[in-house]
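Biologist: I would like to learn how to read a structure feature by feature, with the general idea given before the particular case. Could we look at one together?

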Amino acid sequence: MVKDKRSLDETLARSVMYHHTLHILLHCTDALLESSLRRASAHPGFTHTITTACESTCGQDATALPNPAEADIVLLDGAALAQLPAMRKAAKSGALFILVDDGAGEPTAELLSLLDHIWPVSASASRYDFHVALLLDAVRQHREHELTIQHFETIINLTSDLVWVKDAKGSHIKVNEAFCRLVGKSRQLVEGRGHYFIWDLEPEEYAQGEFVCLETDQIVMNSGEPGVFDEVVKAPQGMRQFKTRKAPLFNADGSIMGTVGIAHDVTDLANMTAELDLVLQSIPYAVMILDSNKHIVNFNDRFKKLFGIGPTDYIAGESRDVLRQRAVERLGFSRNGRHVVMRSAVDGHEKYIDMYENDIFDIFENVIGMICIYRDVTRQRQIERRLKQRANTDDLTGLFNRHYFFKNIPATLAAGAGLAYIDLDNFKHVNDKFGHHAGDKALILAAQILRKHLRGAVIARLGGDEFAAFFPESCSKALLRNCADELLVAMGEAFDTHEAFAGLSASIGITLAEQPGLARDDLVRQGDVAMYEAKRLGKRRYCVYSASLE
């Protein structure tokens with residue numbers, strides 16, 4: 001339970017967007033209650049301050065109490081009940097008044113009406129902690145409720161579409177400002193009223209017209225599913241056509257309690273075209289719209305830029321196949337599923353594009369066109385490639401890292417797999433005497449030598465100054481010996497030419513999987529054993545693994 005509570009608090013801490021200081025006035029002398037209040041943890045978004053009215057103020061006027069007008073919560077005992085009316089009058093709206101009932105007297109009905117809660121006096125700190133936790137949680141829930149209402153009111157009034165909430169009988173419980181502007185009535189007149197009053201219709205006129213608003217309400221309530229409808233209404237401005245989206249609202253028991261709707265005015269076809277152009281230009285991707293014959297109907301500026309379409313190129317009405325062929329010739333356009341590769345029309349660099357195609361349907365569910373969206377994912381691909389490379393590569397040497405080495409070598413090996421385990425001799429001396437910068441240069445030089453002389457092997461820096469080279473197949477002890485000899489000579493020549501590296505050399509352990517089924521980890525361990533034997537024998541040499549070394 002403690003873990004769940006902590007998880008809830010962490011979730012709330014991430015989600016709250018407000019901060020409120022809760023002023024608590026303690027007008028009683030219960031030290032146990034005061035202690036509980038002071039150690040209570042505030043909810044995310046809240047802090048609380050506690051002001052204690054001293055005993056000498058009891059019996060004074062409410063205006064003499066500490067901060068009466070600032071209190072959000074007032075806790076008082078029976079001795080202060082007489083001052084409750086005055087305190088309630090002095091306090092701000094919404095303040096909570098709680099009687100800590102010590103049983104000294106029964107509050108009158110008038111005083112009870114001024115109280116929000118009554119807590120029994122308790123000798124148990126845990127009970128006070130319980131009451132305080134419930135109180136703070138109730139305050140939080142109230143604030144969340146207020147914030148939710150504020151969010152809802154703000155959101156529905158941001159849109160120019162009509163938004164409303166109806167109960168199951170069709171009364172408008174909530175409407176937005178756009179709704180009120182269209183019907184020419186205030187929210188006070190609209191909310192709580194039905195369809196006929198709001199739209200100034202008689203039932204007979206509704207029945208004889210093309211109105212379907214009430215019927216579509218019933219459709220979504222009967223089906224329990226959202227729906228999209230074309231609806232005609234009679235507004236003060238004349239007849240209006242709306243594209244309406246409606247959805248049912250449910251009680252806690254699953255029964256329908258009403259509907260919510262959003263209506264977009266689609267009366268003016270020219271406005272629809274202008275809106276489409278605006279939407280196309282605001283989309284942050286290249287967009288092309290085709291008709292049912294796959295001819296180009298519309299596109300945005302990003303599409304023109306992506307495909308190198310100049311001001312004198314008239315592609316409206318052109319077949320998509322013609323445009324695609326032109327892109328193949330000019331931009332090297334090639335497509336594999338929804339992935340497209342092409343050269344940029346601006347700088348000639350290769351671009352990777354994700355292409356999304358979706359059919360466009362009319363109100364009768366007929367395909368009337370297609371929308372094609374091209375999203376440039378070149379940077380994303382480059383980042384992914386770099387991240388993948390970094391995940392598998394040692395940053396300093398450019399060799400594979402330990403993670404890649406053990407991930408990509410099979411756990412069980414075939415006969416003929418070989419390994420060279422390389423460790424630099426006296427590497428610590430270089431670091432200690434000449435610094436880590438010199439040590440890094442030595443590691444880089446060693447990696448270059450390994451690449452040059454161990455072609456075909458999987459080479460990795462396992463950590464520090466240890467390297468491993470894995471030969472996946474067709475390997476022999478003779479081949480491994482030759483490679484080790486070449487490495488020792490090459491490293492000796494390379495290191496001896498640098499003053500800082502003069503004492504460096506390498507100890508190499510080589511091993512071979514002579515029978516199939518040897519575990520990869522055993523092969524690496526054998527190489528490590530052989531390498532340490534080479535060090536024991538004096539360094540600057542190699543040693544072949546044998547069971548006798550174990």
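**Reading salt bridges, helix packing and a core**

Modeller: Let us begin with charged side chains: Glu153, Lys174, Arg187 and Glu191 are linked in a network of salt bridges. Please keep in mind that this is a predicted model.

Biologist: Which two side chains of that network meet at 3.1 Å, N to O?

Modeller: They are the side chains of Glu153 and Arg187, which form a salt bridge. This pair joins distant parts of the chain, since Glu153 lies in helix 5 (residues 125-158) and Arg187 in helix 7 (residues 187-190), with their positions 34 residues apart in sequence.

Biologist: Is Glu153 buried or exposed?

Modeller: The general idea is to compare the relative accessibility with a cut-off, and buried means under 20%. Glu153 has 18% relative accessibility and therefore counts as buried, whereas Arg187, at 21%, counts as partly exposed.

Biologist: How many salt bridges does the structure hold?

Modeller: There are 32 salt bridges in the structure, and two further examples are useful for practice. In one of them, Asp376 pairs with Lys351, with the closest N and O atoms 2.8 Å apart. Here Asp376 belongs to strand 16 (residues 367-376) and Lys351 to strand 15 (residues 350-361), 25 residues apart, and Asp376 is partly exposed with a relative accessible area of 38%. In the other, Arg461 pairs with Asp394, and their closest N and O atoms are 3.3 Å apart. Arg461 sits in strand 20 (residues 458-463), while Asp394 is in the loop between helix 14 (378-392) and strand 17 (400-401), 67 residues apart. Arg461 counts as buried at 16% relative accessibility, and Asp394 counts as buried at 14%.

Biologist: How should I read two helices that pack against each other?

Modeller: Two packed helices are described by the angle between their axes and by the distance between those axes. In this model, the axes of helix 17 (residues 436-453) and helix 18 (residues 477-496) come within 10 Å and cross at roughly 145°. The crossing of helix 17 with helix 18 is right-handed.

Biologist: Which residues make that contact?

Modeller: Helix 17 contributes Ala442, Leu445, Ala446, Ile449, Leu450 and His453, and helix 18 contributes Glu486, Leu487, Ala490, Met491, Ala494 and Phe495. Sorted by class, the contact has ten nonpolar residues, one polar residue and one charged residue.

Biologist: What is the general idea behind a nonpolar core?

Modeller: In soluble globular proteins, nonpolar side chains tend to be buried together. The largest nonpolar core here has 38 residues, and those with the most contacts inside it are Ile422, Leu424, Leu450, Leu454, Met491 and Phe501. Among the elements that each supply at least two residues of this core are strand 19 (418-425), helix 16 (427-434), helix 17 and helix 18. The largest share, nine residues, comes from helix 18.

Biologist: What is Met491 in contact with, leaving aside its neighbours within four places in sequence?

Modeller: Met491 is then in contact with Ile422, Leu424, Ala446, Ile449, Leu450 and Ala506.

Biologist: Which residue in a loop could I use to practise reading a backbone angle?

Modeller: Lys294 would serve, as its phi is near 65°, a positive value in a residue other than glycine. Lys294 lies in the loop between strand 11 (286-291) and strand 12 (296-299), and Lys294 is partly exposed, with a relative accessible area of 30%.

Terms used. Residues numbered from 1 in each chain as written. Predicted model: local features only at pLDDT ≥ 70, side-chain atom pairs only at ≥ 80, totals over all residues. Heavy atoms only, no water. Axes fitted to C-alpha atoms, helices over the stretch in contact; angles between N-to-C directions. Helix = DSSP H or I, 4+ residues; strand = E, 2+ residues; numbered from the N terminus. Left-handed = near helix turned anticlockwise from the far one by under 90°. Contact = heavy atoms within 4.5 Å. Nonpolar A, V, L, I, M, F, W, Y, C, P; charged D, E, K, R; others polar. Salt bridge = Lys/Arg side-chain N within 4 Å of Asp/Glu carboxyl O. Buried < 20%, exposed > 50% of the residue type's maximum accessible area, 1.4 Å probe, protein only. Core = buried A, V, L, I, M, F, W, Y, C linked by side-chain atoms within 4.5 Å.
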